[in-house]
Amino acid sequence: MNLCYRHPDRPAYVQCQRCSRPVCPECQVQAPVGVHCPECVEEARRRRPAQRTQFGTPVGSGRPTVTYTVIALCVVMYLLQLASPRLGLGLDVTGALAYAPAYTSDWFPSFEPWRMLTAAVLHSPSSAMHILFNMMALLFVGRVIEPAVGAARYVALLLLSAFGGSVAVLFLTDPLTPTVGASGAVFGLFGALFILSRASGAETGGIVALVAVNMVVSFLVPNISWQGHLGGLVAGALCALVIARAPRGKSRRLWQWAGITGIALVLIALTAVGSTMVAFPV
């Protein structure tokens, strides 16, 4: 059992996310992900605003700019989805950007693989709750993860989570069934939050419950793509794993980006394989 480095007579069940020293409950200072020890908190106060986190990320103000930008993009696209049928210009935003496995299939006449990502910024025009839930989840979870991993890694995490959701849809969904929504990316953030919290010694019971409840809802409620949720969850967890577990040192960034690139290549390879397996609907 670890003992607190400041109070050798007290057990410590978590570690400081900056220096990895064990700290007892009295010495823990809550951070966006995990806890800090008093010395690291004091050192952070003396430094300039730009500094590094446990995950090798320069952090400035901590403002989740990417999260706000993605939310704004999704809202704008949703308004365009609602307006496009009424403009009389023959433009259907949902139909033009939604993803179905057929668009990455050998037999389908229109090969449009970019839809695997564009579908993530669309939502069901018939259900305001769809975009409302996803944007609230993105806001609450994204503003915790983005400062912890940095903007660049966070963008990669969102993109690969959305991509992973579409790859799962490719293998597990009817070829002509269109899918839209940022749910794959959101579930990727859920998976990432679990991994990053575990890596920093924070409590993860609440995150497990959150993911479990949402996955059950995905299976029980009609017209929800549990496939996209599952694929996003796995991809996001894997991205967070390579970010959190990359070897420490000067080459840590290199290891992190090598791992992220590897995940992207695996998803591309799976897409290539899946495109040859989609059955032609009779």
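Me: How do the residues lining the largest pocket divide into nonpolar, polar and charged?

Reply: This is a predicted model, where local features need pLDDT of at least 70 and side-chain atom pairs pLDDT 80 or more, while totals for chains, interfaces and linings use all residues. Numbering starts from 1 along each chain as its sequence is written, and side-chain values use heavy atoms, without hydrogens and water. A pocket is an open set of points on a 1 Å grid over the protein atoms alone, where a 1.4 Å probe fits, with protein on both sides within 12 Å along at least five of seven lines; lining residues have an atom within 4 Å of a point. Counting Ala, Val, Leu, Ile, Met, Phe, Trp, Tyr, Cys and Pro as nonpolar, Asp, Glu, Lys and Arg as charged, and the others, Gly among them, as polar, the lining divides into 16 nonpolar, 19 polar and no charged.

Me: Which helices each supply at least two residues of that lining?

Reply: Helices here are DSSP runs (H or I, at least four residues; strands are E, at least two), numbered from the N terminus. The contributors at this level run from residue 128 in one helix to residue 245 in another. They are H5 (128-149), H6 (151-172), H7 (183-200), H8 (205-220) and H9 (226-245).

Me: Which residues lie closest to the centre of the largest pocket?

Reply: The largest pocket has a volume (space filled by probe spheres set on points joined across faces, edges and corners) of about 650 Å³. Of its 35 lining residues, the closest to the centre are His 130, Ser 183, Ile 224, Ser 225 and His 229.

Me: How much of the UniProt "Peptidase S54 rhomboid" domain is helix?

Reply: The unreviewed UniProt entry places this domain at residues 112-245; such annotations may be inferred rather than shown by experiment. In the model, the end C-alpha atoms of this span lie 35 Å apart, strand makes up 0%, and helix makes up 76%.

Me: What share of the UniProt "transmembrane region" at residues 65-83 is helix?

Reply: The unreviewed entry lists residues 65-83 and 116-142 among its transmembrane regions. Residues 116-142 are 67% helix, with end C-alpha atoms 21 Å apart. For residues 65-83, the ends lie 27 Å apart and the helix share is 100%.
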